Amino acid sequence: MRQMKRPEETIAKRIRVVGLFYRSTFRVVDLPNLENALDDILVAGGVIKDDSFKYIYSHDGSRVFGGSKYPRTEVLIYEEVI
């Protein structure tokens with residue numbers, strides 16, 4: 001959250017959240033748990049209003065990469081386009 005560009009206002013519309021999780025090891029992790037933790041962090045940080053389906057409609061595109069020299073999590077947020 002320190003390096004994240006935060007929106008001027010809390011996001012309160014339907015969005016797709018993509019989490020790109022770059023990990024230093026190849027240990028097995030559970031992607032849905034990483035996505036849930038990411039959602040909770042975004043709510044606690046005031047980036048999104050709520051992590052219910054009313055606001056987050058998808059995590060399509062989220063991935064876990066192992067063996068990264070620079071472990072990090074990149075978050076992309078897309079507004080729903082109908």
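# Getting to know this fold: exercises

Start with F21: setting aside residues up to four places away in sequence, F21 makes contact with L31, L34, E35, L38, R63, V64, F65, R72 and T73. Keep in mind that the model you're looking at is predicted.

## Exercise 1: F21 and the core

Task: Find out which residues make up the largest nonpolar core, and which elements give two or more residues to this core.

Solution:
- Step 1. Go back to the contacts of F21, which include L34 and L38.
- Step 2. Now list the largest nonpolar core: it has 10 residues, namely I11, I15, V17, F21, L34, L38, L42, V47, I48 and I56. F21 is one of the residues in this core, and so are L34 and L38.
- Step 3. Sort by element: β1 (15-22) and α1 (31-44) are the elements that give two or more residues to this core.

## Exercise 2: the partners of β1

Task: Work out which strands pair with β1, and in which sense each pair runs, parallel or antiparallel.

Solution:
- Step 1. Take strand β2, residues 56-58: it pairs with β1 in the parallel sense, over 2 bridges. To spot this on screen, look for I15, which stands opposite I56 in β2.
- Step 2. Next comes strand β3, residues 63-65, which is also parallel to β1 and pairs with it over 3 bridges. Here Y22 has F65 as its bridge partner.
- Step 3. Finally, strand β4, residues 72-79, runs antiparallel to β1, and 8 bridges join the two. G19 is a handy marker, standing opposite V75 in β4.
- Step 4. Check how covered β1 is: 7 of its 8 residues are buried.
- Step 5. Add the helix: together, β1, α1 and β2 make a β-α-β unit, and that unit is right-handed.

## Exercise 3: stacked, tilted or edge-to-face?

Task: Classify the aromatic pair formed by Y22 and F65.

Solution:
- Step 1. Know what to look for: a pair of aromatic rings is described by how far apart the centres are and by the angle of the planes.
- Step 2. The structure holds 1 aromatic pair. In the pair of Y22 and F65, the centres lie 4.8 Å apart and the planes make an angle of 20°.
- Step 3. Planes under 30 degrees apart count as stacked, so Y22 and F65 are a stacked pair.
- Step 4. Place the two residues: Y22 sits in strand β1 and F65 in strand β3, 43 residues apart.
- Step 5. Look at exposure: F65 has a relative accessibility of 33%, so F65 counts as partly exposed.

## Exercise 4: charged pairs

Task: Find the salt bridges, say how many there are, and look at the exposure of their residues.

Solution:
- Step 1. The count is 3 salt bridges.
- Step 2. One joins the side chains of K13 and E79, at 3.6 Å from N to O. This pair ties together distant parts of the chain, with K13 in the segment before β1 and E79 in strand β4, 66 residues apart. K13 is partly exposed, at 44% relative accessible area.
- Step 3. Another joins E80 and R14, at 3.0 Å from N to O. E80 is in the segment after β4 and R14 in the segment before β1, 66 residues apart. Both are partly exposed: E80 at 26% and R14 at 33%.
- Step 4. The side chains of R72 and E74 also meet in a salt bridge, at 2.8 Å from N to O. R72 has a relative accessible area of 34% and is partly exposed, and E74 is partly exposed at 32%.

## Exercise 5: two loop residues

Task: Decide whether S62 and Y55 are buried or exposed, and list what each one touches.

Solution:
- Step 1. S62 lies in the loop between β2 and β3. Its relative accessibility is 4%, so S62 counts as buried.
- Step 2. Not counting residues up to four places away in sequence, S62 touches V17, V18, G19, L31 and E35.
- Step 3. Y55 is in the loop between α1 and β2. At 8% relative accessibility, Y55 counts as buried.
- Step 4. With the same neighbours left out, Y55 touches A12, K13, R14, I15, K49 and D50. The C-alpha atoms of Y55 and K13 are separated by 5.5 Å, though the residues are 42 apart along the chain.

Key
Residues are numbered from 1 along each chain as its sequence is written. This is a predicted model: local features need pLDDT of at least 70, side-chain atom pairs count only at pLDDT 80 or more; totals for chains, interfaces and linings use all residues. Side-chain values use heavy atoms; hydrogens and water are left out. A nonpolar core is a set of buried Ala, Val, Leu, Ile, Met, Phe, Trp, Tyr and Cys residues joined through side-chain atoms within 4.5 Å. Buried means under 20% relative accessible area, exposed over 50%, partly exposed in between (1.4 Å probe, protein chains only). Helices (H or I, at least four residues) and strands (E, at least two) are DSSP runs, numbered from the N terminus. Contact means heavy atoms within 4.5 Å. Two strands pair if DSSP finds at least two bridges between them. A crossover is right-handed if, with the strands pointing away from the viewer, the path from the first strand over the helix to the second runs clockwise. A salt bridge is a side-chain nitrogen of Lys or Arg within 4 Å of a carboxyl oxygen of Asp or Glu. Rings of Phe, Tyr and Trp (its six-membered ring) pair if their centres lie within 6.5 Å; planes under 30 degrees apart count as stacked, over 60 as edge-to-face and the rest as tilted.
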